[in-house]
Structure formats: C-alpha cells, structure tokens
Amino acid sequence: MGRKVRKVVTLLGAMLAGTTAVVGAAGAAHAAPASSAKPKAKQQCVTGDKLVPTCGVLWGAAAGGFTSAPRDAELKKWEALSGRTASIFHTYHKGDEVFPTQSEIAMTTDPAHPRALLVNWKIAYGSTWAKVAKGEQDKRIDAFAKRIKTSYPQKFFLVLNHEPENDVIARKGSGMEAKDFAAMYRHTITRLKAQGVTNAVNVLAYMGNEKWMAQSWWKDLYPGDDVVDWIGLDSYVSAEKGYYHYGQFADLLDRKASTGKGLGWYDWAVTNHPSKPIMIAEWGVYHRIGHPVDKTAGYNSVLPELAKRPGIKAIVYFDTKHDDQGDRDISIDSTPGNLAAFKKLAANPLFNVKIA
C-alpha cells in the first residue's frame with residue numbers, strides 16, 4: 001500500500017506542476033512538459049523579406065477601375081462582396097501626383113486589416129523614359145523619396161510604368177524605345193536607393209501579350225535582376241467562347257509570342273529569372289458588357305494552376321464593370337453564379353497570408 005500511495009502522490013504532484021507524468025517500466029514517474037502532448041500548431045503564412053510569403057499566396061485587388069469612385073471605398077465594398085480582406089491594395093498614379101495618399105496610408109496601416117500597398121507609378125508622364133534616365137525627372141524622384149522616408153515606413157510594392165510594351169515607340173530617338181524603359185527603370189530604382197528608400201519592393205509588370213512578345217525589342221525591356229524584386233504580369237481571359245482571349249487561368253499565364261516560337265510567359269519568367277517571385281499584378285475574367293455569361297470555369301481553374309506553379313506568390317484581381325475600351329465587364333458579381341464561384345475561390349486557406 002505504501003508504494004501505491006507514493007506513486008499516486010507523485011502523479012498528482014506532476015499534474016499540479018503543469019506537467020504530464022510518464023511512468024517507466026520500473027514504476028518511477030518522470031515529468032515531461034505538458035506542451036509536448038499537444039499537436040504542433042499549424043504554420044502561419046506571413047510576409048518576409050521583399051514581402052514574399054513564407055507559404056501561401058498573397059491575395060489582392062484593384063476595385064472601381066475606370067471610375068471616379070474612391071479606390072479605398074471601392075476596395076472595402078469589394079472585400080465585403082468577395083468575403084475576404086485583400087492582402088494587397090492596388091492603386092495607380094502618374095507624374096507629380098502626391099502619394100501615398102492619406103486614404104492609401106490609412107488602408108495599409110489599418111491594424112485590424114493589414115494590407116500591403118501596390119502602387120503603379122507612371123514616372124515619365126509628360127516626359128519620356130529617355131529623359132527620366134538622363135536625370136531630367138530627378139526632382140520628381142527625390143520628392144517621392146522624401147515623402148516615403150518621412151511618412152511611409154511600411155514595405156510597399158512599387159511598379160514603374162506597368163505594361164511598358166504598350167507604350168513602346170520602336171523608333172530610334174523616340175525616347176520611348178524598350179531600351180529607354182530599362183534605363184528609366186534602373187535610374188529610378190538606383191536613385192531611390194541612393195536617397196535612402198529601403199522599403200520599396202520593385203515589381204516589373206509585363207502585359208504579356210502575344211504580339212509584343214514577338215517583337216525583337218521585347219527582351220530589351222528587362223533592366224536587370226539587381227533592380228527587379230518581383231516579376232509581374234497583367235493578363236485577362238474571356239469567359240465567352242469565340243471571343244478575344246477566351247480561356248481559363250492557365251491561358252493567361254501561358255501566352256507566347258504570336259510567331260509560336262519560344263516559351264509561354266510563365267515558363268519564360270521561371271526559366272530566365274528563377275530567383276524572382278511572380279505576381280499576377282492584374283487578372284480577371286470578363287465578358288462583353290450586357291452579355292453576362294458563366295465565369296465559374298475561369299474562377300475554378302485558379303487553384304489547380306497555382307498548385308502547379310509555385311513561382312506565383314501573389315494574385316491581384318482588377319475589378320471593373322467596364323474596361324478602358326468600354327466593352328468588357330471584369331466584375332466578380334456580373335451574375336449571382338459568378339459571385340458564388342468567386343467567393344468560393346476567395347475562401348480558400350491558400351490565401352491566409354498575414355502582412356508582417
């Protein structure tokens with residue numbers, strides 16, 4: 001009886017001390033930390049260096065495109081509609097516009113809903129790429145650098161002149177040749193760093209259209225791995241069979257030169273720049289305005305493609321009821337069925353990434 005009493009007392013003492021008693025074959029009790037009996041917590045995905053997520057995929061949006069509606073209000077409505085808070089808030093600026101704006105700062109410093117700012121800046125607005133590269137817009141660059149250093153310490157994504165292919169003027173001396181873009185990009189990033197801007201994460205966002213990829217100058221756009229942090233793509237698919245760029249998520253990733261030669265865009269990026277994370281900086285599924293069709297297949301195709309393409313670390317939807325041509329509806333709620341399919345996509349835990 002004495003040995004049994006001592007054993008019980010030992011067990012109770014271990015439990016009261018917050019430990020689990022492990023009884024050996026000889027009957028001796030050994031205390032082990034109680035936490036060792038608990039399953040390991042599920043890994044939390046967070047952003048690390050250069051805002052690259054440790055796991056998962058960043059989820060973002062630009063909402064209210066081609067309208068005068070405030071972008072912050074439109075994003076909040078889009079988030080409520082889709083059922084998920086965006087990790088990336090996408091905005092657009094040009095020339096000497098003052099940004100980050102107060103609303104952009106508020107949206108990306110909200111402790112309840114952390115978001116990273118993704119800002120497109122057409123720095124050469126009213127000028128040319130060549131002039132920027134020569135230093136003729138250094139005052140503009142320096143003013144931006146000063147604002148960032150004094151009012152915006154958070155890490156943010158910076159895109160210089162997204163979709164540059166569409167702005168190239170392939171004429172010697174135009175100041176807007178592909179090589180001028182590369183020189184502009186390099187000069188701007190180098191100067192920002194020299195001015196002490198260390199929190200800008202640089203993204204080169206291509207259009208990835210077949211006709212541009214077939215041009216001899218397309219390769220000249222790239223300014224160098226040392227000034228590019230992420231490689232981005234702006235690309236869309238139609239949900240209407242028989243219309244321009246009909247297809248699913250894979251189709252917007254795999255477009256290749258219209259000559260039929262070379263790699264598709266995604267394969268080109270991971271082959272030539274394997275160290276760079278990929279951002280689908282604009283994407284969407286559209287149909288003609290006034291001709292709503294089912295976008296479910298397009299939305300349902302996203303997750304299988306992300307599973308096969310580990311280079312993609314962020315996707316950012318561009319939501320608008322009409323595009324710049326006025327004939328495409330890229331909204332997620334053009335029909336109740338389309339919204340239901342998009343909400344199902346948005347709810348996937350793959351996108352549970354915390355902005356750190």
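Where is S174 found? In this predicted model, S174 is found in the loop between β7 and α6, and with a relative accessibility of 13% the residue counts as buried, because that value falls under the 20% cut-off. The side chain of S174 reaches the backbone nitrogen of M176 at a distance of 3.1 Å, and, when residues up to four places away in sequence are not counted, S174 touches T128 and I169.

The loop between β7 (156-160) and α6 (178-194) also holds N161, a residue other than glycine whose phi is positive, near 50°. N161 is likewise assigned to the buried class, because its relative accessibility is 4%. A second positive phi in a residue other than glycine belongs to L51, where the angle is near 60°; L51 lies in the loop between β3 (45-46) and β4 (58-63) and is buried, with a relative accessible area of 2%. A further backbone feature is the cis peptide bond that joins F99 and P100, with omega at about 0°, and P100 is found in the loop between β5 (88-94) and α3 (102-108). These features are noted because most residues other than glycine have a negative phi, and most peptide bonds are trans.

At the level of the whole protein chain, the secondary structure comes to twelve helices and 13 strands, and buried residues make up 49% of the 356 residues. Among contacts between residues at least 6 apart in sequence, 73% join residues at least 24 apart. The accessible surface of the chain comes to about 17,000 Å², and carbon and sulfur atoms account for 56% of that surface.

The largest nonpolar core has 80 residues, and those with the most contacts inside this core are L158, W265, I280, W283, I315 and Y317. Helix α6 contributes the largest share of the core, six residues. Apart from the largest core lies another, of 19 residues, and L51, L118, V203 and I355 are among them; the L51 in question is the residue already described for its positive phi. For Y317, leaving aside its neighbours within four places in sequence, the contacts include G60, A61, A62, W78, W283, G284, V285, Y299, I330, S331, I332 and F342.

One of the partners of Y317, W78, is among the buried residues of helix α2, which are E74, L75, W78, E79 and S82. These residues cover an arc of only 140° around the axis and therefore lie on the same side of α2, whereas K77 and A80, on the other side of the helix, are exposed. The buried residues of α2 pack against β4, β5, α3, β11 (312-319) and α12 (336-346). The helix itself, residues 71-82, has twelve residues and reaches 16 Å from its first C-alpha to its last, which is close to the 16 Å expected at 1.5 Å a residue. After α2 comes G83, whose phi is positive, near 90°.

Helix α3, one of the elements against which the buried residues of α2 pack, contains T108, and this threonine is buried, with a relative accessible area of 7%. A polar atom of the side chain of T108 lies 2.7 Å from the backbone oxygen of E104, and the side chain of T108 also makes a polar contact, at 2.6 Å, with the side chain of Y152. When residues up to four places away in sequence are not counted, T108 touches F89, R115, A116, L117 and Y152, so that Y152 appears both as a contact and as a polar partner of this buried residue.

A further buried position is Y222, which has its place in the loop between α7 (210-213) and β9 (230-238) and counts as buried because its relative accessibility, 16%, is under the 20% cut-off. The side chains of Y222 and D225 are joined by a polar contact of 2.5 Å. Beyond the neighbours within four places in sequence, Y222 is in contact with A182, L204, Y206, V228, I231, H273 and K276. Y222 and F181 are 41 residues apart in sequence, and their C-alpha atoms are 8.3 Å apart in space.

Notes:
Residues are numbered from 1 along each chain as its sequence is written. This is a predicted model: local features need pLDDT of at least 70, side-chain atom pairs count only at pLDDT 80 or more; totals for chains, interfaces and linings use all residues. Side-chain values use heavy atoms; hydrogens and water are left out. Helices (H or I, at least four residues) and strands (E, at least two) are DSSP runs, numbered from the N terminus. Buried means under 20% relative accessible area, exposed over 50%, partly exposed in between (1.4 Å probe, protein chains only). The expected span of a helix is 1.5 Å times one less than its number of residues. The arc is that of the directions from the helix axis to the C-beta atoms. Contact means heavy atoms within 4.5 Å. A polar contact is a pair of N or O atoms within 3.5 Å; within protein, one must be able to donate a hydrogen and the other to accept it, and residues adjacent in sequence count only if both atoms are side-chain atoms. Accessible areas come from the Shrake-Rupley method with a 1.4 Å probe; for residues, only the protein chains shown count as cover. A nonpolar core is a set of buried Ala, Val, Leu, Ile, Met, Phe, Trp, Tyr and Cys residues joined through side-chain atoms within 4.5 Å.
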